[in-house]
Amino acid sequence: MPISTECNRLKPFYRDGKLRNGTWGFGVWETELYEASGTIAQAMTDKLSTACVRDTFYFDDYSVLLHNGASWLWTFPTATYTANTNTRTPKALFNTMGEHLAIMTLNTPQGIFSDTLRLTITDNLCQADTIPGKALLLDGTNDYASLPALNLNSNTVTMTAWIKPNGTQNDWAGLLFCRGGNTTAGISLRNTNELRYHWNDGGYGWSSGLTVADNEWTHVALVVSPSSVKIYKNGIAATHTTSPPIEDFGANLQIGRDPNSGSRYFKGWIDEVCVYNATLTQEQIREQMHLCKQPNTDPNLVSYFQFNTDLTATLDYDKVRNNHASLANGAARDTSTGPFAGGNSHRTTLSAPTTVQDTNTGISLQFGGTLPNGEIVISRLNHKPDQVPNCDHYFSDAHYWILDNYGSNATFTAPTPAQLSGIVVPDTTAIPPTTYALYRRPANADGNTWGSPLSQAQTATSGNNGSFDLNNSNGMTQAGQYIIANSLTTQYIQGNLVCTNGIDTYWVLPVTNTNYTWTIDTGNGTIISGQGTPQITVQWANGEIGQVSVILSQP
């Protein structure tokens, strides 16, 4: 060492049995430890817990240990996959919730030492949901979500999302954007609410002409192929004929932000974010638009975010891989009101009279007269919408249908006959079929927007695979969301005839937030229990024929 020096840091370097001295201005110096250190086994991992069974745990050795002559053996009793177990840095995958052990054993000239880590997988939040759940809520000031680089190295890419802008947008507000390294690519919103794109830091001068409505859910997509870039709004494309080069996507993908400046933040809700390493067709865009995705059946889906994690969490789990997103600067989650859920869709072209039948969506619709004159897509969602018609308590067995019309005729003749099926329908001896009503609201609407009934059901088939037959003037004449609802306030009373002095029970289907007022209209009977509830017990006497009635009212 120099004759004179000032020590900045003096630290033992156990790996090589050295003592290291970092000086001020004279470099780093080392010498042998005065005596060999004892061994203290210390295993470490990148995380002790996760809520995703698909997450890989990465390990390292942080022991007080002279590496010369030492060897490692890691064991993971419940792991489904392991690698590099004879090195300092193994990894393991467990694939089940619960507690798991990681055991590191050190074999050294001084003896055998070990350390154990207890790992916990608390949930399986990286599994895709089939409900709207929550949405990412951004304030347009500085919050966003970010996920690690996707490294797509491709010019066959599709990005999709549902967005609901909230007020005036910052110019070039990023929706899904990758900017960094060699990549500048994504989809943005101008301050006029027009959709634009970047690819290889170009393309943004092209005008899509597609404008997004404020405070309304809109499905957007950026679809890139070697010969064109397409932007979709609700399944309708604007095409830019160009030759996009390969983008590597070697930087973080940002949701709700383009990091080019300090102002390109989106204000509103974003949900159902998808990235595909493929060029989706128009048919795929339209068919999948309202449906939650199934990652296990789609090999081209590389990232999928639903934002359904706990409201306080700053990590959102990727439903496909392990590229989990971080929520930055107060980005929040809010109840999602979007028109999507698990379900099925059916696409067809209507340019001549025909009957459209599909068991997966439960439709049988005979079209004639004025037709859509083009493609339609009908989706049945297996979840009730965010709000339902006022005062109703049956909602198509928690299903509803969305009809998207891409034909040249915005309105068309109502299909006759028309049947909606494949849902649970209550016993028609208890609830008259004509008390069910068909309602409609716009295809991407949310909130209390159903309005008045379009028509009543004509007949119904009860059971787990029930159906409703709509009357000839059913009102299904344009695109929209459709639901069958019933207040359940008109019902046939269920019960049996009894002998003199007998006791019998009478009931109607229960309705939430409802008062029940039962009356003995004729006969000599006494309500002995159940008044105010959906079911009463009556004691009859004197052999007279009696009649009961009930009035359902809501406070």
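# A guided tour, starting at N215

Select N215. N215 is partly exposed, because its relative accessible area of 44% falls between the 20% and 50% cut-offs. Keep in mind throughout that this is a predicted model.

**Stop 1: asparagines with positive phi**

Stay on N215 and show the backbone. N215 is not a glycine, yet it has a positive phi of about 60°. Its place is in the loop between β17 and β18 (218-225).

Now select N95. What is the sign of phi at N95? Phi of N95 is positive, near 70°, and N95 is a residue other than glycine. N95 lies in the loop between β9 (91-93) and β10 (98-108). N95 counts as partly exposed because its relative accessibility is 36%.

**Stop 2: an open sheet**

Go back to β17, but now look at the strand itself. Select residues 195-198 for β17 and 315-316 for β24. These two strands stand at the edges of a sheet. Which strands make up that sheet, and in what order? Seven strands form it, running β17-β16-β15-β21-β13-β25-β24. The sheet is open, and the pairing is antiparallel. β17 and β24 each have a single partner strand, so one side of each is left without a neighbour in the sheet. Strands of a sheet pair through backbone hydrogen bonds.

Zoom in on the β24 edge. Here β24 pairs with β25 (residues 325-328) in the antiparallel sense, over two bridges. Select D316 and A325: A325, in β25, is the bridge partner of D316.

**Stop 3: the nonpolar cores**

Select L195 and I255. Both belong to the largest nonpolar core, which has 43 residues. L195 and I255 touch the most other members of this core.

Show the surroundings of I255. Leaving aside neighbours within four places in sequence, the contacts of I255 include L136, L138, Y144, A145 and L147. L175 and L176 are also in contact with I255. So too are I270, V273, F305 and F307.

Then select I363, W401, I423 and L438. These four are among the members of a second, separate core of 39 residues. In soluble globular proteins, nonpolar side chains tend to be buried together.

**Stop 4: the cysteines**

How many disulfides does the structure hold? It holds one. Select C52 and C126 to see it; their sulfur atoms are 2.1 Å apart. The link of C52 and C126 is right-handed, with 95° about the S-S bond. Trace the chain on either side. C52 is in the loop between β5 (49-50) and β6 (56-61). C126 is in the loop between β11 (111-121) and β12 (134-139). The pair therefore links distant parts of the chain, 74 residues apart. Are C52 and C126 buried or exposed? Both are buried.

Next, select C274. C274 is in no disulfide. The nearest cysteine sulfur is that of C292, 9.2 Å away. C274 counts as buried because its relative accessibility is 0%. Then select C7. C7 counts as partly exposed because its relative accessibility is 40%.

**Stop 5: the largest pocket and its hairpin**

Turn on the surface. The largest pocket has a volume of about 350 Å³. Of its 14 lining residues, P12, F13, Y14, Y62 and S63 are the closest to its centre. Which strand gives the largest share of the lining? Strand β1 (residues 7-13) does, with three residues.

Follow β1 into its partner. Six bridges join β1 to β2 (residues 18-23), and the two run antiparallel. Select F13 and K18: K18, in β2, is the bridge partner of F13. β1 and β2 form a hairpin, with four residues between them. Select G17 in the turn; G17 has a positive phi of about 65°.

**Stop 6: a cis peptide bond**

Select T416 and P417. The peptide bond from T416 to P417 is cis, with omega near -5°. P417 sits in the loop between β32 (400-405) and β33 (418-425).

**Stop 7: T519**

Finish on T519, in strand β39 (residues 515-522). T519 is partly exposed, because its relative accessible area is 35%. Beyond its neighbours within four places in sequence, T519 is in contact with Q547, V548 and S549. Add Q531 to the selection. T519 and Q531 are 12 residues apart in sequence and 9.1 Å apart in space, C-alpha to C-alpha.

Methods: Residues numbered from 1 in each chain as written. Predicted model: local features only at pLDDT ≥ 70, side-chain atom pairs only at ≥ 80, totals over all residues. Heavy atoms only, no water. Core = buried A, V, L, I, M, F, W, Y, C linked by side-chain atoms within 4.5 Å. Buried < 20%, exposed > 50% of the residue type's maximum accessible area, 1.4 Å probe, protein only. Contact = heavy atoms within 4.5 Å. Disulfide = S-S within 2.5 Å. Pairing = 2+ DSSP bridges. 1 Å grid on protein atoms, 1.4 Å probe; cavity = no way out; pocket = protein on both sides within 12 Å on 5 of 7 lines; lining within 4 Å. Points joined across faces, edges and corners; volume = space filled by probe spheres on them.
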